[in-house]
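Me: Could you give me a close look at one part of this model, the way helices pack inside a single chain? I'd like the geometry and the residues that make the contacts.

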Amino acid sequence: MSEPLLAIDNLHVRFSRSEDEVYAVNGVSFAIGENETLGIVGESGSGKSVTLMSSIGLLRENGKITAGTAKFRGRDLLRLRPKQLEDIRGRDIGVIFQDPMTSLNPVMRIGDQIMEAMLTHHYAGRKEAFERTLQLLNEMGIPDPKSRFRNYPHEFSGGMRQRIMIAIALACEPQLLIADEPTTALDVTVQMQILALLQELRDRRGMSVVMVTHDFGVATNFCDRIIVMYGGRIMEAARTDRFLRATAHPYSLGLKRSIIEVGHKGKPIVPIPGAARTLTGEPVGCPFAERCSFATERCSAEAPALRAFAEDHEVACHHAEEVVSLAR
Amino acid sequence: MASTVAATQGSVAVRKKNRNRPFVQGWRRFSRNRLAVAGLAWVALFFIAGIIGPWVAPYDYRFGDFLAINQGPSWHHIFGTDNVGHDMFSQILFSIRSALVVAVGATLVSFVIGIVLGLWAGLTGGIADAVIMRGVDFMMTLPGFLFALILVVLLGRGYWSLILAIGIPGWAGYARLIRSLVLGMRNGEMVEAATALGASRAHIARRYMLPNVIGSMAVSLAFGIPGDLAQIAGLSIFGMGLQPPIPSFGNMLAQAGDNILGFPWLLYFPAGIFAITLLSFLFVADGLQEAFHPKGGR
Amino acid sequence: MPDNRLLEVENVSKTFRVQGKKLRAVENVSFTLEAGKTLGLVGESGSGKSTLGRLVLRLLDADQGRIVFGGKDLAKLKKNDLRALRREMQIIFQDPSASLNPRMTVGSAIEDAMAIQRIGTKESRRRRVSELLERVGLPDEVRHAYPHELSGGQLQRVGIARALSLDPKLIVCDEPVSALDVSIQVQVIQLLRDLQQEFNLTYIFISHNLAVVEYLSDEIAVLYLGEVVEQAPADELFASPKHPYTRVLLQSILKVPDRPEKRQKLVPIQGEIPSPLDPPGGCAFHPRCPFATDKCRAVKPERKRVSERHLAACHLAE
């Protein structure tokens, strides 16, 4: 791969709570290159959102990055001054969030919000920014852009608001789009619309996209590569087609097996026993060991490293080979 | 069946059966704020002084010793004396009582009026709500102090008159608060769930709504007392509060103001004690706020 | 043949007044539900499925129509009779933490449910709480926990235990797993299924997740803007959907492909869900329907019987 667009290396993030600390991210490394779409999949508590958000400097107040780098085109975002980081974020990196209602400014006209993105990053002058805003609204499928420019966020539906947020994120033509659960709060038909839009934009602009989602269906149909996270660590990372052909981690396999899909009526579905725990201490061994049916003593003692399992397929599991042979 | 039972895990920290848990947690959150704890200590002292003060005071507040006028702090008079020979320490002790009686009384009056109107507005809705809310808006735009002043003129200057004069105009904040709390719960899922179980409205009000508003109400009361303390002091400074010979902070401050150059202790001690008391109540209120509504996680 | 119809809903409508405007939440819905069966209600925002669930329990009053539960017309019941009847029809919410009293321990919440319905004594209620917690797969210590100390999955089990404590016949499940992680969803779904078999419960299962609804339901009703656009036994609905909206819904489900070649094309539907404040005339779906004709724009379609138990409200359905 040529120089990756975004390369995260050995990231560790912790949150302080009143009585203890939460070890949210425990050594995550991955990279995304040009024209790639990466999906980061996991459940709540897996650390997927924290990983992505902290790498671009959007970490909550009580969180701290205790180790690692996040290099965008070679520059470590975590070591930049706030102003420099803001320049990159918004201009070279676009971000869309889960809930457009809380991410959009409720007292500012949406057209102005899109223009502001361009003006603050000196991407265009006022006149040009205005024209581009209308173009963007059109591109996003918002009908009647000229008059809707003057509307406020609450005058739009959820799907429309998400489109507006995408417009803001893409205003300065970033090379990388980061999406944190962009369709989770939307109706399923709206989700399809937004995903189709993102796909179209991605293809047309040659953007890279990193999408955080808990929905396997979304990730496997939309992304070229998949990373599965659990307990603040990467469990499996692979190109999607490899992942679909041979799932090598017990957690990924368990997740796949536990998704209820159309046509499963009457068939037994095997849930993953137990529930995810919040890690309040330095993790020892594999975080999934306590729920894993393949686990041995070694698993609780020694955390498996993310190793190459096959071409373009990495797994963090001592028993990956067993998992794959069993799945067949 | 086995899969369901096996899947029970999850992080339930096993704890001893402790009925007082929320209280313990609340106290812990409160005590993390040192100012609040210090404030609580002072407030407790204040209340004790208010109750036993007159019996403990070294001198009777009514009589001045003409042989000892305008004396600075000394062993006989630790806070000094004023121009009539009153012992300042005793005066202050009694003022604590008078201030407390009026401030707490007034706060309770405001509270009761506010609760009644706020509940009526929140639970009934419609016209009652609209009228009461306009009333709230009106009261909040007027300076309460002015209102109180007018009522003092009308009602006189005894204890009860002052309690009413300060208390009556103060209902708006409490009304608005409880109304919004009730509105927030009325259509919420908790009430819906209780209704679905077949609970009567009384049961819902008592076991579901009330416990959830007590915290906010307590905090609001805690902030109300210092506000009313300031009001009574203010009234007294203008000479519209408790009349002499009843000592009050306001009177002392007013008199001291005339004499500050010559006899500064007449100002420092009353003002200092008053300020510390006011601040202490505020710190306690702040601590209560944190105890009931923790800001950052648990 | 014995009539074991537990619930009959006839031509029920509900309109809300929002700032002077009329919001059409449920429009002319009818269905019957037999004891021991599950009816799935599927729809997106504005479909009225949640409102319908609450109408069935008379947590909201219908403006028109009749709801008959166990032979009793809900609208005609007096307050006390209604409260007693509530014992037989319960509800589980999407967000269990919102439906539980934050100042009550979970054990007290379940005991309170029984106390409200005057079931048993303090002692027997306490024992029953232990039984119930065990049945839903929670350790007994949980009874002393406050809602904020438990996870979403645990709270949902508590909600189920509370509903069960009254020994109901019908349970309305309003998006019970939507707020839970995938791996926990399955656990809760299985619990619901097991409980249904064990106690012969009747469910109304409301969800926007078609796959989950199909898994649990015997019959499914698809709602759009307050109307039932299609209704059929679960397998028939998925095998041959007759209403264009149902087809769109099915297409919008993204399955994890078995093989890379089977990755789905992203095919979006056009347009937006209209606001329930201003629903389209004629067939509510016509502005977005690829097959819309003039008739569709003008005339509201009736529910056509496509097969024995399959109804579709579409002029073009056969």
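Reply: Happy to. A helix axis here is a line fitted to C-alpha atoms over the stretch in contact, and angles between axes run from 0 to 180 degrees between N-to-C directions. Please keep in mind that this is a predicted model.

Let's begin with α6 (residues 144–155) and α10 (residues 201–237) of chain B, whose axes are 11 Å apart and make an angle of about 55°. Angles under 35 degrees count as roughly parallel and 65 to 115 as roughly perpendicular, with the rest, short of the antiparallel range over 145, called oblique. That is why α6(B) and α10(B) are described as oblique to each other. The crossing of these two helices is right-handed. On the α6(B) side, the contact is built from B:Phe145, B:Ala148, B:Leu149 and B:Val152, while α10(B) brings B:Gln231, B:Gly234 and B:Leu235. As background, an α-helix has 3.6 residues a turn, so residues three or four places apart point the same way. Sorted by class, the contact between α6(B) and α10(B) holds five nonpolar residues, two polar ones and no charged ones.

Next comes the pair α5 (residues 126–141) and α8 (residues 171–186), also in chain B, with axes that come within 9 Å and cross at roughly 140°. This angle makes α5(B) oblique to α8(B). Here the crossing is left-handed. From α5(B), the residues B:Ile132, B:Val136, B:Met139 and B:Met140 meet B:Ala172, B:Ala175 and B:Arg176 of α8(B). The class count for this contact is six nonpolar, no polar and one charged.

To finish, look at α3 of chain B, which covers residues 34–56 and bends by about 45° at B:Gly50. A proline, B:Pro54, follows that bend within four residues. Which residues of α3(B) are buried? They are B:Ala36, B:Gly39, B:Phe46, B:Ala49 and B:Gly53. A residue counts as buried here if 20 or more other C-beta atoms lie within 10 Å of its own. The cover over these buried residues of α3(B) includes three helices of chain B: α2 (21–31), α4 (88–124) and α12 (265–292).

How values were computed. Residues numbered from 1 in each chain as written. Chains lettered and ligands numbered in written order. Predicted model: local features only at pLDDT ≥ 70, side-chain atom pairs only at ≥ 80, totals over all residues. Bend = angle between axes of the 7 residues up to and from the residue. Buried ≥ 20, exposed ≤ 12 C-beta atoms within 10 Å, placed from the backbone. Contact = placed C-beta atoms within 7 Å. Left-handed = near helix turned anticlockwise from the far one by under 90°. Nonpolar A, V, L, I, M, F, W, Y, C, P; charged D, E, K, R; others polar.
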